[in-house]
Amino acid sequence: MLQQRAGHLSGGAALRAAQLHQLFVGLVELRLVTCGGAFDRPSRGYSANVVVSAYLRCGRWNSGATLGGCRMSEWLAERDTLRGEGPGMINRRRMAGAVLTAVAAVVVAWLPAASAQSADGPVVHIKMRQDKIALPMPPSDDPSQVSWLLRNDGPGVAKDVTISMDLTDVKSWLTVNRKPADDVYTWSTLAEVAEGDTAGAIAAINPKPGTPPGTTGTVIMKGTSSNGTVVSTPVQMTVGSAGLTVNKLADRKGDKPGTTIGTPVIISNTGSVPADGVQLKVLTTRGLAYADRFSNCAYSTVSADPYGGPSEQALCTFDTVVEPGKSYRLDQPLDLEVTHQALYEFVRREALPLSGAKAPSGSGPKLSLVAAGAADTSGTKIGRQYVLADNSADMAAGGDTAEGAPGDLVHVDLSLSNEGPARMDNNFSDDQPALLFTVPTGTRAVEIPKRCSVWLPDAQMGNGEQTPGEPQYVCNPLETGFEVGDTRTFRFGLEIRDGADTTTGAAKATTAYDNTLEFDDNQANNTAPVTVEVEDADSATASASASPAGTGDNGNDVKTRTVADAAVTGSLASTGSSSALTVAGAVGAGALLIGGALVFFVRRRKA
């Protein structure tokens, strides 16, 4: 594993690890990002990320020496400690593998300085990960970084590109790679920079001990090329940082559709330097709507996060200077309407330092920040408020009828639907909607759809296996959110056994643990018949026994009817329970959760 920080060539031979990316022409990269660490239910996130990158470098040394083909560099792995959510909230442990920043997904727009351009040569822009960098005080063992990549707008390849930092304005109080700063810090020359984006480099920076918080200076990133132009860009560095928090709000329960709820916002600065302006980001789930529109807020629909998060955003910009140790509140209420589709909802609030963003000029009154006394030390970086509306989502089961002769393979399409009025989403309990299928007597399930597995009545859960010939199966939709009108369909293939009569099973709308759908006020349509009409059967009418009967691979016995009567009345036989298996160990329910889950209103399995 590469362990050294960015630097220069040592003794003309040894290469510091963070500079390896400059030694080869032709870069092929593979990057994997996945969740790591423990899952924190209250914050709805993992404690870390695992980032693995591989770089395939081919070609020649910049000095001209020839390589004997291509080499795959070491795998570089780092863990990103998550401190909050949203842009700028991920603070990485910076190892030598920080060449990853050269392919950062989010790059602050470059601010070009005046420079002469070669007549017909390529134009290269220096793209910074951050154009404003906060430096910790006291100096950190895990320092901040200057991180850049290049974008060549062409025409053609830029040759002999050298990038440097003009440190004149900050050298008296800054260190670079743990050494006192000189007037200029220069990275190794890149022999060729092709059109498009090219990996750049890093440098670790820290303030010198004793530098007063608030000390600010500007570094100029600049460069040269033998046949083109490199456009300069400034980077502002400040000692200390603003620690912005928002107030906590109690969860709500019982708000009716059509009512309005208040969302008071108080922003505090618990850091060491002022925040020169603030952006307030408010996100809500779609069952809530902004009651008012303000001229300095931009409203948009944003993509849901991997865990089914908020999608309606208000981004409000304030030019108010938020002083350290003080708090500020909104001068007008931020009200939210509870819509007719609301059920499981939540609001997320976050205050971010203003970073070059201009306030939108929309319609409506202007929202302002006013002083509210001392900083609230009990605040949080990201504030969440959960709203359980007084509403219902009618989950309905759909059955089917098939016809065939003994020995035939017939198919039945079973369904689980939401007939409203509420959306069914953001329910972070383990009791997600599911469909329980009791196989009709005299048939054998031989084709099991994806997301369906064998139901274990004693354990009250699916076992995650698709074994044919079992009497019951539970189907857990991959997407657990249901808009009004949404339907999930599951097709089973049933083999009609010799000697079978016309027979009926059942499809039941339930939860992953066969608990009552507490948000469903209409239970009458939770069970639907699944009938197989057998040609030339001895009896045209199906009957039922008290409970499903099965013999493993043989399926339901030919003459033991299952739940024909129950399918009509909506009552299924008891499936029993077991205390030996915990919710945490439920494989079937675990498959429901995409990446993780957040405890909201958790329902226990039946005792």
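## A tour from Pro 421 through the sheet and the salt bridges

Begin by selecting Pro 421, which is placed in strand 33 (residues 409-421). This is a predicted model, and in it the peptide bond between Gly 420 and Pro 421 is cis, with omega about 5°.

For a second bond of this kind, move to Met 137 and Pro 138, where the peptide bond is cis with omega near 10°. Pro 138 is found in the loop between strand 7 (132-135) and strand 8 (144-152).

Next, select Asn 177 and Arg 178. Asn 177, in the loop between strand 10 (174-176) and strand 11 (179-180), has a phi near 50°, a positive value in a residue other than glycine. Arg 178 lies in the loop between strand 10 and strand 11 as well, and its phi is also positive, at about 70°, although it is not a glycine. Which of the two labels, buried or exposed, fits Asn 177, and which fits Arg 178? Asn 177 is buried, with a relative accessible area of 15%, whereas Arg 178 is exposed, with a relative accessible area of 54%.

Now display the open sheet of 7 strands, whose order is 32-41-40-34-38-36-37 and whose pairing is mixed. Strand 32 (400-404) and strand 37 (461-462) are at its edges, and each has a single partner strand, so one side of each is left without a neighbour in the sheet. Within the sheet, select strand 34 (residues 433-438) together with strand 40 (residues 503-511), which pair in the antiparallel sense over 6 bridges; here Ala 434 stands opposite Thr 510 of strand 40.

Turn then to the salt bridges, of which the whole structure holds 12. One of them joins the side chains of Asp 390 and Lys 256, at 2.5 Å from N to O. Asp 390 is in the loop between strand 30 (382-389) and strand 31 (393-398), and Lys 256 in the loop between strand 19 (252-255) and strand 20 (260-262), so the pair ties together parts that are 134 residues apart in sequence. Asp 390 counts as partly exposed at 39% relative accessibility, as does Lys 256 at 48%.

Finish at Arg 423, which is buried at 4% relative accessibility. Its side chain meets that of Asp 425 in a salt bridge of 3.2 Å, N to O, and Arg 423 also forms a salt bridge with Glu 483, the closest N and O atoms being 3.0 Å apart. The latter pair links distant parts of the chain, 60 residues apart, with Glu 483 in the loop between strand 38 (472-475) and strand 39 (487-496) and Arg 423 in the loop between strand 33 and strand 34. Glu 483 is partly exposed, at 25% relative accessibility. Add Arg 286 to the selection, and the network of salt bridges linking Arg 286, Arg 423, Asp 425 and Glu 483 is in view.

Technical notes
Residues numbered from 1 in each chain as written. Predicted model: local features only at pLDDT ≥ 70, side-chain atom pairs only at ≥ 80, totals over all residues. Heavy atoms only, no water. Pairing = 2+ DSSP bridges. Helix = DSSP H or I, 4+ residues; strand = E, 2+ residues; numbered from the N terminus. Buried < 20%, exposed > 50% of the residue type's maximum accessible area, 1.4 Å probe, protein only. Salt bridge = Lys/Arg side-chain N within 4 Å of Asp/Glu carboxyl O.
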